[in-house]
Amino acid sequence: MSTLSLIWLLSAATVFFQGASGHYVFSRFMFNNTVTEQWEYVRNISIGQAPDSGLWDQYMPLYDIYSEDIRCGRGAWISGGETNTATVFAGDEVGFVVGRSADEPLEPYIIYHNGPAQAYLSKFTSSPESADLTSYQGDGEWFKIASLGALNDTYWITRDKTGVNFTIPRSTPPGQYLLRVEHLYVRSWFNGTQFYVACAQVDILPPRGGSGLDRGDARMPTEGYMVKFPGAYHLEDEGILVQEHIYEWPASGLLEYKAPGPDVWTGYLV
């Protein structure tokens, strides 16, 4: 079963308060046990404005889940041609690392806000609109491969960590994909939850050693696992518009939390 765990590059010793600060971007991709440069394999995003302060910067979160920007981040479709594609194997562990932060001038940058992290894949198929992966805008179907929520009833696993990593299911069919990460800063008022979204471009090869492929196990998830962005989430979803005790600091009842979106697809291989 695929699991989402933490990249233990460095551990933050200080717990910061919740507030308008603490914004960040997942601009660095991790594969082959190497953290790559900013925007080397992750599509670059454009700047945005904070509704509370009016400030403009790249690390401002998304609020509009009905915008096409919810796929890969603000304006990310523009930068596909400038982004490298990472070659990875089904069954590999990969991840995203925070590359910029509103609060920290120097590394390590960390995830300040409270909420879950999730990962999705969308397979590129040629179309009149998309000749190759670099021009693919993520308008096809997505399936969730990882989700990480509460460490315990009062603390989120992602809090104060430098990033997230996860395993690509071994039965993922070979091909080119957008690999999407999201972190939600969940809040208890309508359209208040913040979304931190980024996409890496990856070319997924069969598992090392080819285990399972001869049995026809490398096939796409069934329809019940597939969603589209926008459309997968709604502002009223219980994992987006959360109860006060989930948002407040210190939080309580986190083990009751249910993240938005479909179930996690773990593949067909045991």
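Reader: Where is Pro230 found in this predicted model?

Author: Pro230 is found in the loop between β17 and α1, and in this predicted model the peptide bond that joins Phe229 to Pro230 is cis, with omega about -5°. The ring of Phe229 also takes part in another contact, for the charged end of Arg180 sits over that ring, 4.0 Å from its centre.

Reader: Which peptide bond has an omega near -5° and leads from Trp249?

Author: That is the peptide bond from Trp249 to Pro250, which is cis, and Pro250 lies in the segment after α1. Over the ring of Trp249 sits the charged end of Arg159, 4.6 Å from the ring centre.

Reader: I would like to turn to the backbone angle phi. What is the phi of Asn33, and where in the chain is Asn33 placed?

Author: Asn33 has a positive phi of about 60°, although Asn33 is not a glycine, and its place is in the loop between β3 (28–31) and β4 (34–35). Asp160 also has a positive phi, near 65°, and is likewise a residue other than glycine; Asp160 lies in the loop between β13 and β14.

Reader: Are Asn33 and Asp160 buried or exposed?

Author: Asn33 has a relative accessible area of 76% and is therefore exposed, whereas Asp160, with a relative accessible area of 3%, is buried.

Reader: How should I read the open sheet, and in what order do its six strands lie?

Author: The order is β7-β16-β15-β10-β11-β17, and the pairing is mixed. At the edges are β7 (86–89) and β17 (226–227), each of which pairs on one side only. For an antiparallel case, take strand β10 (residues 117–123) and strand β15 (residues 175–185), which pair over seven bridges, with Ala117 standing opposite His183 in β15. For a parallel case, take β7 and β16, which pair over four bridges, with Phe89 standing opposite Leu205 in β16.

Reader: Which way do the side chains point along β7?

Author: The general idea is that in a regular strand the side chains alternate between the two faces of the sheet. Along β7 the side chains of Ala86 and Val88 point to one face and are buried, while those of Thr87 and Phe89 point to the other face and are not buried.

Reader: How many disulfides are there, and which cysteines form the bond?

Author: A disulfide is a covalent bond between the sulfur atoms of two cysteines. The count here comes to one disulfide, formed by Cys72 and Cys199, whose sulfur atoms are 2.1 Å apart. Cys72 lies in the loop between β6 (56–57) and β7, and Cys199 in strand β16 (residues 194–205), so the pair ties together parts that are 127 residues apart in sequence.

Reader: Why is this disulfide called left-handed, and are its cysteines buried or exposed?

Author: The torsion about the S-S bond of Cys72 and Cys199 is about -80°, and therefore the disulfide is left-handed. Cys72 counts as buried because its relative accessibility is 4%, and Cys199 counts as buried because its relative accessibility is 0%.

Reader: How are aromatic pairs described, and how many does the structure hold?

Author: A pair of aromatic rings is described by the distance of the centres and the angle of the planes. The structure holds 17 aromatic pairs, and one of them is formed by Tyr24 and Phe26, which are edge-to-face, 6.0 Å centre to centre and with 75° between the planes. Both Tyr24 and Phe26 are buried. Trp156 and Tyr257 form an edge-to-face pair as well, at 5.1 Å centre to centre and with 80° between the planes. This pair links distant parts of the chain, since Trp156 is in strand β13 (residues 155–156) and Tyr257 is in the segment after α1 (244–247), 101 residues apart. Trp156 is buried, with a relative accessible area of 1%, and Tyr257 is buried, with 14%.

Reader: Which residues form one aromatic cluster, and which have the most contacts inside the largest nonpolar core?

Author: The cluster is formed by Phe29, Phe31, Tyr41, Phe96 and Phe166. The largest nonpolar core has 72 residues, and those with the most contacts inside it are Phe26, Phe29, Phe96, Leu179, Phe195 and Val202. Strand β16 gives the most to this core, with eight residues.

Reader: With which side chain does Asn165 make a polar contact?

Author: The side chain of Asn165 makes a polar contact with that of Glu93, at 2.6 Å. Asn165 has its place in strand β14 (residues 163–167) and counts as buried, at 3% relative accessibility.

Conventions: Residues numbered from 1 in each chain as written. Predicted model: local features only at pLDDT ≥ 70, side-chain atom pairs only at ≥ 80, totals over all residues. Heavy atoms only, no water. Pairing = 2+ DSSP bridges. Helix = DSSP H or I, 4+ residues; strand = E, 2+ residues; numbered from the N terminus. Disulfide = S-S within 2.5 Å. Buried < 20%, exposed > 50% of the residue type's maximum accessible area, 1.4 Å probe, protein only. Core = buried A, V, L, I, M, F, W, Y, C linked by side-chain atoms within 4.5 Å. Phe/Tyr/Trp six-rings, centres within 6.5 Å; stacked < 30°, edge-to-face > 60°. Lys NZ or Arg CZ within 6 Å of the ring centre and 35° of its normal. Polar contact = N/O pair within 3.5 Å; in protein donor to acceptor, adjacent residues only side chain to side chain.
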